[in-house]
Each structure stands twice: as C-alpha cells, then as structure tokens.
Amino acid sequence: MSKPIFILNGPNLNLLGQRQPEIYGRETLADVVAACEGLARDLGVGVRCLQSNHEGQLVDWVQEARGGAAGIIINAGAYTHTSVAILDALNAFEGPVIEVHISNIHKREAFRHHSFISGRADGVIVGCGTEGYLFALRRVVSLRAG
Ligand code: CA2
C-alpha cells in the first residue's frame, strides 16, 4: 500500500491527556500518533496524522485524501455532530472511512448521539478509548486487502 492512511483529528483533540482524563484518558495526542505510527510500521503501511481546530482545514485534508490516501480515519470531535461540510467532503472520497470516538458518545449528552459522519463511514468505533484508533487502522488495512 503506497498511499498513506490519513488519521484526522478535529477540534480540541490537541488537548488530549491534559484535561478530562475520566472521559478521554491520560494519553496525549502525541502518544496516540506514536502508537499509530508504530502499528502502521508493523502492518507495513504509512500514516499521516493531522489535527486541526478548524472545520475548513479538515475539509481541505479530506479533499487532499482524494487520490492521495488509502483510507481515512477521522475523529472530527464536536464537528461530528454539526458538520455537513465534512460529510460532503467524505462523500467525495472513494476509499474506506472509519469514524472514531474515544468516548462512548451514546452514553453522553443527547446532542452527541447523532453523527453526520456515520452515514458515510464504513465503520464506527466508539468508547474504546484511544485504542480505537489502532482498531480503526487494522480495519482500514483489512478493507484495503480484501
Ligand atoms: O469521544 C470523542 O472522541 C469525541 O469526538 C471528542 C470530542 C467531543 O466533542 C465528541 O462529542 C466526542 C471532544 C474532544 C475534546 O477533547 C478534549 C480532550 C481533553 C481535554 C479537553 C477536550
């Protein structure tokens, strides 16, 4: 697999490990990136890990993935629940998309129960902590292989 898998993180996920450990755990985003890069090495694939607090930047990266990525793993943070723009961009991407949420959004406030992204995603991983990114990476690789 020559094209990298994009791992996109949305707003406030740069704060991982710094606040609300009871919800999001103690790992930092740098820890998550290191774990994904390590697993990617073991699986023989490349990853490009990106984080932004800006909706338009996430849309730009999803557009860049068209023709440039083997798959997308996305935790769009709060934009999950609001962004038709990210959904539209994902709908124009032809490869596998796995949506990840660190917390179980269905156990939380009602406004977190709906995801615009889930209607496009090939898989959704919620409530598995930061390990969810690793599950997602394995899933993208097996979808590409199959
Ligand atoms: O559970 C998830 O992964 C979420 O996508 C995280 C988003 C939240 O808006 C979604 O409903 C569920 C929030 C990310 C904020 O991350 C922080 C981490 C540490 C400290 C403060 C915020």
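**View 1. Ser103 and the ligand in the predicted model.** The model shown is predicted. An N or O atom in the side chain of Ser103 lies 2.6 Å from an oxygen atom of the ligand. His101 also contributes a side-chain N or O atom, 2.9 Å from a ligand oxygen. Asn12 uses its backbone instead: an N or O atom there is 3.5 Å from an oxygen atom of the ligand. Taken alone, the ligand exposes 510 Å². The protein buries 96% of that area.

**View 2. The shell around the ligand.** The ligand sits in the largest pocket. Its surroundings comprise 17 residues. The closest are Asn75, His81, Ile102, Ser103 and Arg112. By class, the shell holds 8 nonpolar residues, 7 polar ones and 2 charged ones.

**View 3. Cys36 and Cys49.** The disulfide count comes to 0. Cys36 is in no disulfide. Its nearest cysteine sulfur belongs to Cys49, 5.3 Å away, whereas a disulfide needs two cysteine sulfur atoms within 2.5 Å. Cys36 is buried, at a relative accessible area of 1%.

**View 4. Cys128.** Why does the sulfur of Cys128 form no bond with that of Cys36? The two sulfurs are 14 Å apart, which is too far for a bond. Cys36 nonetheless holds the cysteine sulfur closest to that of Cys128. Cys128 is partly exposed, with a relative accessible area of 34%. Cys36, by contrast, is buried.

Technical notes:
Residues are numbered from 1 along each chain as its sequence is written. This is a predicted model: local features need pLDDT of at least 70, side-chain atom pairs count only at pLDDT 80 or more; totals for chains, interfaces and linings use all residues. Side-chain values use heavy atoms; hydrogens and water are left out. A residue is near a molecule or strand if one of its heavy atoms lies within 4 Å of it. A polar contact is a pair of N or O atoms within 3.5 Å; within protein, one must be able to donate a hydrogen and the other to accept it, and residues adjacent in sequence count only if both atoms are side-chain atoms. Accessible areas come from the Shrake-Rupley method with a 1.4 Å probe; for residues, only the protein chains shown count as cover. On a 1 Å grid over the protein atoms alone, a cavity is a set of points where a 1.4 Å probe fits but cannot get out, and a pocket is an open set with protein on both sides within 12 Å along at least five of seven lines; lining residues have an atom within 4 Å of a point. A molecule sits in a cavity or pocket if more than half of its atoms lie within 2 Å of its grid points. Ala, Val, Leu, Ile, Met, Phe, Trp, Tyr, Cys and Pro count as nonpolar, Asp, Glu, Lys and Arg as charged, and the others, Gly among them, as polar. Buried means under 20% relative accessible area, exposed over 50%, partly exposed in between (1.4 Å probe, protein chains only).
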